[in-house]
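Welcome! Below is a short tour of one protein chain, written for someone meeting it here. Please have a look at the picture before reading on.

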Amino acid sequence: MIKNFFKVAFRNLLRNKGFSFINISGLAIGMASAVLIMLWIQNETSYDQFHEKKDRIYEAWNKAEFSGKLQCWNTTPKILARSMEKDIPEIERSVRVNWPSNFLFSIGDKRLTVKGNIVDTGFLQMFSFPLVKGDPKTALNDGSSIVLTQTLAKKIFGEEDAMGKIIKIDNKDNFTVTGIAKDLPNNTRFNFEYLIPWNYLVRTGGDDSSWGNNSTRTYALLKPGVSIDAANGKLKSIKYQYTKDNDDKKWEMFLYPASRWRLYSNFTNGKEDGGLIDFVKLFAVIALFILLIACINFMNLSTARSEKRAKEVGIRKVVGAQKQSLVSQFIGESVFLAFIAGIFAIIIVQLALPAFGELTDKKLFVDYTDYKFWIYAIGFVFFTGIMAGSYPAFFLSSFNPSKVLKGTFKSANALITPRKLLVVLQFTFAIILIICTTIVKQQIDHARDRESGYAKDNLVYHYLTGDLEKNYELVKDELLSSGIAKSVTKTSAPLTQGWSDSWGFNWEGKPADDKTDFDRYVADENLGATAGLTFIKGRDFDLKKFPTDSSAMIINESAAKVMNFKDPIGQIVKDDDRPYHIVGLIKDFILQSPYYPTKPMIIEGAKNGWFSVMHIKLNGANNTADNLKRMEVIFKKYNTEYPFDCKFVDLEYAAKFKTEERTGTLAAIFAALTIFISCLGLFGLATYMAENRIKEIGVRKVLGASVTGITTLLSKDFLKLVMISFVIASPVAWWMMHQWLQDYPYRVAIQWQVFAFAGLLTFFISLLTVSYQSIKAAIANPVKSLRTE
């Protein structure tokens, strides 16, 4: 019996090559798309879930009110870790992870800049980053020990054993390799090539005991079986216990579980409010719908061809076949086709994976050696085959044999049929994706076209590595005198990044309850000239003309509004106990996200002393490549041990749009695939319709019907379905995009033209798809179609 089923299925496959191709290719593309999306979802949902103690690992967060809203953030005081271990008995261990550091590694004549973390000694005991060499319990115990990843160890020492080797960091301190860690998986928030002990930060003066300096991430490992509520109850007011500052009474801290770091760590007014999980759910729905659309093609084409198989069903029933056996046969055929499609889907996935991985910025792969993959793959194929074949199986097996064999059976042409509903569902989803993709692109363009507030062209920056800070004036003078640069300034951070903020500013007339959070920036002089800032009042820092500008301050428009100064020039603002006098008022410029309003900002003079970056305005009269080559010579002259690594501000600014661009590109690709699969099915239905009505077309032509009239007759029913899809899709897409745009205070308005574009595009593509078969049938010679009559 099973052999007979396969024989019949194979014969049907060969007998209807065109329909078989449409079914298999549609299913293969749908399955491949779903698999690629599921690989991405699996990667996102597995972030940091491989740690053995993940159920007991938490991250410390702050919660406090600023600018009238309850804010939550995950950088904490460095002193918090030891305080938690001392004061909260539920905590077994606490470790700190400092922001990634780019140190210069010197090994003999070899020099390279490497990214890593400074961590507490218990880091490798809390997190499951296994060592291939060394002991995780002791690898970071010594203040001069260092743990390398396998790739970095090989990069530095080749095939030699790295254990025990000496590495000099920043030309100052020697570290001994005490551990080799496996390369990090691609589903972790951590991104390091080396680890060095926290003691190094203590030795270099980077550690502090201030409860007001929230600059590091702190993790806690709870003891087995303890209550997180009990731990949070003690942590909640820990800051106030040590500071006794009335302002800190309302300042809370809490522990956030590792299971929610990746997907749920968005907070609105102090409460968890989604996050990446929204995108995961969205793309899960897209994967399901693309697969469903491919299955709908199968259902539609199978039921459309019902008359061709009606006699087969009738004969089988007459000779004793039961409905159950017919259902099994038809589902078996669909599963057989799904298996063939599954083979092609795997090929498509393998070919598309590198490009898809680059697009999503992930190293995605399929582990064909894992038996679980094959179990899931076979289950997925069975699920697809059953989902695609269930409706046709019950539809075909329900035919009345007497009507079929008498020739009185005719498929229904009702106003509403399951086939029409399925076509409407296909195109509804396709139109929704087109509308959403268009609005996402508009939102990106809206933010990109927003005035940044500074001149990005020919503006570069370089970190003050090694001897650059010591030789800064020499480098600056040579860049200017050689004509490479028009202006140079040194700052606390790149212009595209906010590294510091504070609510500790005071000025005359400040309300007692004001807790406004200001972006804090530091510059020496000529920041306005270098960055092209627009001054509304006052002037730029100029230490040569005005030596007191070292204790001067420049504020932006938003800060002036908060401070309520009629004329800010000359006003005194204190940063804690350090007074600064305002010399300039500038227009707001975008320091952080272009999708959000600019925050109040304060730029402090050189007295602050915190400098990490130098910005250089290149001379546009010269060739950029020549400028960079000559710059490199100067930098190497005064900073011989460190590599020249200049970054363009315009490229850094463009990187701010990557996440939204990636979302938009993915949505566009899947929208195109959805339209393609839908039109593939539409093409099949139109082909079959033309075949079924070929004699009718012949009669109409003999009676004088025009090609245009016949084409319209054959196309209009399909186009009506597309128009109904548009009517359904438009309000759904509007609601979805309205909800998505609420996350962006600076957002585009949803315009009717987007919906018109999506409707016309879908209508035009559908018209081309259907018209090809309609015109082909309309221009056919009626003599051939009527010859048998």
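Strand S8 and strand S11 (residues 194-197) pair in the antiparallel sense over two bridges; here strands, of at least two residues (E), and helices, of at least four (H or I), are DSSP runs numbered from the N terminus, and two strands pair if DSSP finds at least two bridges between them. Within S11, Leu195 is the bridge partner of Val147.

Before going further, a word on the model: it is predicted, so local features need pLDDT of at least 70 and side-chain atom pairs count only at pLDDT 80 or more, while totals for chains, interfaces and linings use all residues. Residues are numbered from 1 along each chain as its sequence is written, and side-chain values use heavy atoms, with hydrogens and water left out.

**An enclosed strand**

S8 covers residues 145-149. With strand S10 (residues 173-181), S8 pairs in the parallel sense over five bridges, and Val177 in S10 is the bridge partner of Ile146. Why is S8 described as largely enclosed by the rest of the structure? Five of its five residues are buried, so the rest of the structure largely encloses S8. Buried means under 20% relative accessible area, exposed means over 50%, and partly exposed is in between (1.4 Å probe, protein chains only). In a regular strand the side chains alternate between the two faces of the sheet. Both faces of S8 are covered, with Ser145, Val147 and Thr149 buried on one side and Ile146 and Leu148 buried on the other.

**An open sheet and its helices**

Another place to look is an open sheet of four strands, in the order S17-S26-S16-S27 with antiparallel pairing. Strand S17 (485-491) and strand S27 (647-648) are at the edges with a single partner strand each, so each has one side without a neighbour in the sheet. S27 is joined to strand S16 (residues 459-463) by two bridges, and the two run antiparallel. In this pair, Val460 is opposite Phe648 of S27.

Helix H19 (residues 624-638) packs on the sheet and touches S16, S26 and S27, its direction making about 140° with that of S26. Helix H16 (residues 472-481) lies across S17 and strand S26 (613-618), at about 160° to S17. Contact means heavy atoms within 4.5 Å; axes are lines fitted to C-alpha atoms, for helices over the stretch in contact, and angles run from 0 to 180 degrees between N-to-C directions.

**Residues in loops**

Most residues other than glycine have a negative phi, and most peptide bonds are trans. Two residues here have a positive phi although neither is a glycine: Asp48 and Asn564.

| Residue | Phi | Loop | Relative accessibility |
|---|---|---|---|
| Asp48 | about 55° | between H2 and strand S1 (57-66) | 3%, buried |
| Asn564 | about 60° | between helix H18 (557-563) and strand S23 (572-575) | 67%, exposed |

Phe50 also lies in the loop between H2 and S1. Phe50 is partly exposed, at 29% relative accessible area. Which residues does Phe50 touch, leaving aside its neighbours within four places in sequence? They are Ser128, Phe129, Pro185, Asn187 and Thr188. The C-alpha atoms of Phe50 and Thr188 are 8.8 Å apart, although 138 residues separate the two along the chain.

Asn98 is found in the loop between strand S4 (91-97) and strand S5 (101-107). Its relative accessibility of 14% makes Asn98 buried. Residues up to four places away in sequence aside, Asn98 is in contact with Lys78, Asn117, Ile118, Trp198, Leu201, Ser215 and Thr216.

**A cavity inside**

The whole structure holds two cavities of 30 Å³ or more. A cavity is a set of points, on a 1 Å grid over the protein atoms alone, where a 1.4 Å probe fits but cannot get out, and lining residues have an atom within 4 Å of a point. Grid points are joined across faces, edges and corners, and a volume is the space filled by probe spheres set on the points.

The second largest cavity has about 30 Å³ of space. Its lining consists of Ile37, Trp40, Phe283, Phe356, Thr360, Leu666 and Phe670. Helix H2 (17-45), helix H12 (323-360) and helix H21 (658-692) each give at least two residues to this lining.

**The whole chain**

The chain has 25 helices and 27 strands. Of its 789 residues, 49% count as buried.

Conventions. On a 1 Å grid over the protein atoms alone, a cavity is a set of points where a 1.4 Å probe fits but cannot get out, and a pocket is an open set with protein on both sides within 12 Å along at least five of seven lines; lining residues have an atom within 4 Å of a point.
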